[in-house]
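Let's walk through this model together, going from a pair of packed helices out to the whole chain.

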Amino acid sequence: MTGTTPKIRIRDLHKSFGAKKVLDGVSMDVAQGTSFVVIGGSGSGKSVLLRCILGLITPDSGVIEIDGENVLEAPEKRREKLRSEIGMLFQNAALFDSLTVWENVTFGLLALHKITRKNARNHAGTILAQVGLDPSVGDLYPSELSGGMQKRVGLARAIAAQPDILFFDEPTTGLDPIMGAVIDGLIVDCVKKLGSTAIAITHDMASAQRIGDEAAMLYKGKLIWQGAASSLMNSGNPYVDQFTHGRREGPISMELRR
Amino acid sequence: MDMVLDLVARLGRATLSLIRAAGALALFAASGLSHIVRPPFYGRVFLSTFLETGFFSLPVVALTALFSGGVIALQSYTGFAQYHAQSAIAGIVVLAVTRELGPVLAGLMVAGRVGAAMAAQIGTMRVTDQIDALTTLSTNPMKYLVAPRLLAGLIALPLLVLVADILGVAGGFTVAVVKLGFSAPAYITATLNSLKAIDVTVGLVKAALFGFLIALMGCYYGYNSKGGAEGVGSATTAAVVAASIMLLAFDYLLTDLFFSQ
């Protein structure tokens with residue numbers, strides 16, 4: 001494998017639900033160790049893109065490669081193995097509400113038999129500390145936590161197995177600006193510490209610039225712009241400009257009806 | 001002419017969607033069953049579902065059985081007294097309870113209690129992305145959520161029905177002795193004489209099938225629910241209704257299979 005093989009390589013990805021084209025030929029490269037932010041409006045296909053890479057949705061056509069290996073053509077066992085190297089923070093954390101926080105955090109490790117149940121409680125404490133939570137939180141249930149704490153636990157669960165790749169689905173949605181900044185900070189720390197490759201999808205510009213090295217904008221199922229995350233606010237692309245500055249007038253007309 | 005074609009087209013669409021739904025359900029059931037026998041096994045999930053299905057359904061199933069046994073004794077007494085055939089009551093009660101009332105009433109109660117809970121829990125997990133989260137954490141949701149529930153239903157319901165059988169007969173006994181003036185030893189002798197192994201066995205086989213169907217419907221509708229709280233609500237309703245109807249339909253089929261000459 002050469003150093004130039006991107007960690008994640010996507011070519012001409014298509015996915016439709018009925019007559020609605022959600023992904024219409026998406027191609028992107030994410031280099032090893034970079035944080036890639038995908039911005040776009042609600043319903044632009046951001047979540048579907050992540051779910052395709054995760055294998056939760058099967059695309060209609062296209063190529064998804066991880067370390068140069070086409071995930072879509074790999075046998076089921078191999079796909080499970082590749083999937084186990086991806087950690088995912090869901091939009092609403094998606095914590096298992098019937099399990100305690102420590103069981104949530106160590107769920108993946110226990111599933112892969114990387115730790116024993118006996119050691120799991122202590123191990124969860126170490127991971128919780130990495131996201132700024134007291135180990136005593138481990139004995140609570142997710143419903144007893146605030147939104148920000150749930151996000152932290154979700155982050156702890158995503159990084160527990162030290163995955164090569166981390167996905168973040170709108171990590172700051174539903175949080176106040178300060179908590180959003182705190183979560184972004186934790187995400188950057190975790191990604192740097194693990195040396196992971198990250199893809200985040202968001203429509204929070206402040207968050208996109210804090211998390212991302214690179215950025216791209218998804219519009220009507222296509223990536224219409226790609227560049228450095230720092231240039232998001234002055235990209236020169238009229239679509240991106242309208243979106244990042246939140247202007248009502250511009251080339252993007254809001255489709256209020258489907 | 002157009003109207004006829006339209007009608008045919010609609011009928012065709014309805015038939016196709018029915019076949020598609022039946023196929024999807026069959027595939028779901030086959031996948032769930034296959035995960036019961038393939039490791040890894042989730043004993044912890046199985047145990048908690050088994051407790052919920054079996055142990056915590058005991059009070060409601062016990063009360064249902066007790067009262068139904070009593071009602072059968074009372075009803076058949078008023079009917080049979082006209083023909084001086086009161087002595088048949090013990091036999092009627094034991095036959096009705098072991099063959100039909102035990103499995104069917106316990107099944108319907110468990111469908112309302114446990115089938116609904118399964119659909120609501122799995123449905124909520126679906127709409128809050130918890131099922132997707134399982135997949136990203138190297139855990140097959142069919143194996144983790146569905147297989148243990150199917151197995152729990154399959155094992156727990158026969159045990160519940162065994163309890164229902166005993167209590168149903170006890171209910172009949174109580175009414176017969178306390179209210180209708182039967183002699184206790186005579187009633188017990190008549191009961192034992194009418195008790196047949198085949199009746200109880202077929203009742204338990206029915207129960208196992210019912211338990212499986214209830215869990216299957218709960219899991220299937222929960223697993224495929226979408227659209228937030230409303231979606232989970234309709235999944236729960238659909239699970240209970242479908243389980244109850246299937247249970248009664250299969251009850252007829254099994255009865256026909258085992259008891260019709």
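Two residues are in contact if their C-beta atoms, placed from the backbone, lie within 7 Å. By that test, B:V202, B:L209, B:L213, B:M217 and B:Y221 are among the residues of α8(B) that meet α9(B), whose partners include B:A235, B:A239, B:A242, B:M246, B:F250 and B:F258. The residues of this contact divide into 17 nonpolar, 2 polar and 2 charged (Ala, Val, Leu, Ile, Met, Phe, Trp, Tyr, Cys and Pro count as nonpolar, Asp, Glu, Lys and Arg as charged, and the others, Gly among them, as polar).

This is a predicted model, where local features need pLDDT of at least 70, side-chain atom pairs count only at pLDDT 80 or more, and totals for chains, interfaces and linings use all residues. Residues are numbered from 1 along each chain as its sequence is written, while chains are lettered from A and ligands numbered from 1 in the order written.

How do the two helices cross? The axes of α8 (residues 197-223) and α9 (residues 228-259) of chain B come within 9 Å and cross at roughly 155°, with axes fitted to C-alpha atoms over the stretch in contact and angles running from 0 to 180 degrees between N-to-C directions. The pair α8(B) and α9(B) is therefore roughly antiparallel (an angle over 145 degrees).

Zooming out, chain B has 9 helices and 0 strands, taken as DSSP runs (H or I, at least four residues, for helices; E, at least two, for strands) numbered from the N terminus. The C-alpha atoms of chain B fill a box of roughly 65 × 60 × 35 Å along the principal axes.

How values were computed. Angles under 35 degrees count as roughly parallel, over 145 as roughly antiparallel, 65 to 115 as roughly perpendicular and the rest as oblique.
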